[in-house]
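Here are a few exercises to work through with the model open beside you. Have a go at each task before reading on.

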Amino acid sequence: MNIGEKKEYVGYVDKYDGACQFETDKTVYSKNVVLAIDELLRTETKDCEKYKITIEKLEAEMI
């Protein structure tokens with residue numbers, strides 16, 4: 001992924017049998033994606049909630 005490049009994922013949270021995952025129409029992602037949504041938004045996602053995740057790679061800055 002190059003600096004300035006963006007990727008978008010639109011999908012649903014799928015919870016079943018105590019497990020959860022994030023599903024797009026092409027790929028199923030692990031529970032780690034759902035856990036990241038929960039942590040970043042400080043919420044607890046519910047089954048069938050829809051999210052759009054946008055990721056953009058930025059240039060590194062020295063701290």
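**Exercise 1. Work out the strand order of the sheet and find its edges.**

Solution. Keep in mind that this is a predicted model. Start by following the pairings across: the four strands run in the order β3-β2-β1-β4, they pair antiparallel, and the sheet is open. Next, look for strands with a partner on one side only: those are β3 (28-29) and β4, the edge strands. Now zoom in on β1 and β2, an antiparallel pair held over five bridges. To get your register, find K15, which sits opposite C20 in β2.

**Exercise 2. Place helix α1 relative to the sheet.**

Solution. Check contacts first: α1 packs on the sheet and touches β1, β2, β3 and β4. Then compare directions: α1 makes an angle of about 90° with β2.

**Exercise 3. Which residues of α1 are buried, and why do they lie on the same side?**

Solution. Step one, take the helix, residues 31-41, and pick out those under 20% relative accessible area: V34, I37 and D38 are buried. Step two, look down the axis: these residues cover an arc of only 95°, which puts them on the same side of α1. That fits the general pattern: an α-helix has 3.6 residues a turn, so residues three or four places apart point the same way. Step three, ask what covers them: the list includes β1 (6-16), β2 (19-23) and β4 (50-56). Step four, flip to the other side of α1, where N32, E39 and L40 are exposed.

**Exercise 4. What phi does R42 take, just after α1?**

Solution. Step just past the end of α1 and read the backbone: R42 has a positive phi, about 50°.

Terms used:
Residues are numbered from 1 along each chain as its sequence is written. This is a predicted model: local features need pLDDT of at least 70, side-chain atom pairs count only at pLDDT 80 or more; totals for chains, interfaces and linings use all residues. Side-chain values use heavy atoms; hydrogens and water are left out. Buried means under 20% relative accessible area, exposed over 50%, partly exposed in between (1.4 Å probe, protein chains only). Helices (H or I, at least four residues) and strands (E, at least two) are DSSP runs, numbered from the N terminus. The arc is that of the directions from the helix axis to the C-beta atoms. Contact means heavy atoms within 4.5 Å. Two strands pair if DSSP finds at least two bridges between them. Axes are lines fitted to C-alpha atoms, for helices over the stretch in contact, and angles run from 0 to 180 degrees between N-to-C directions.
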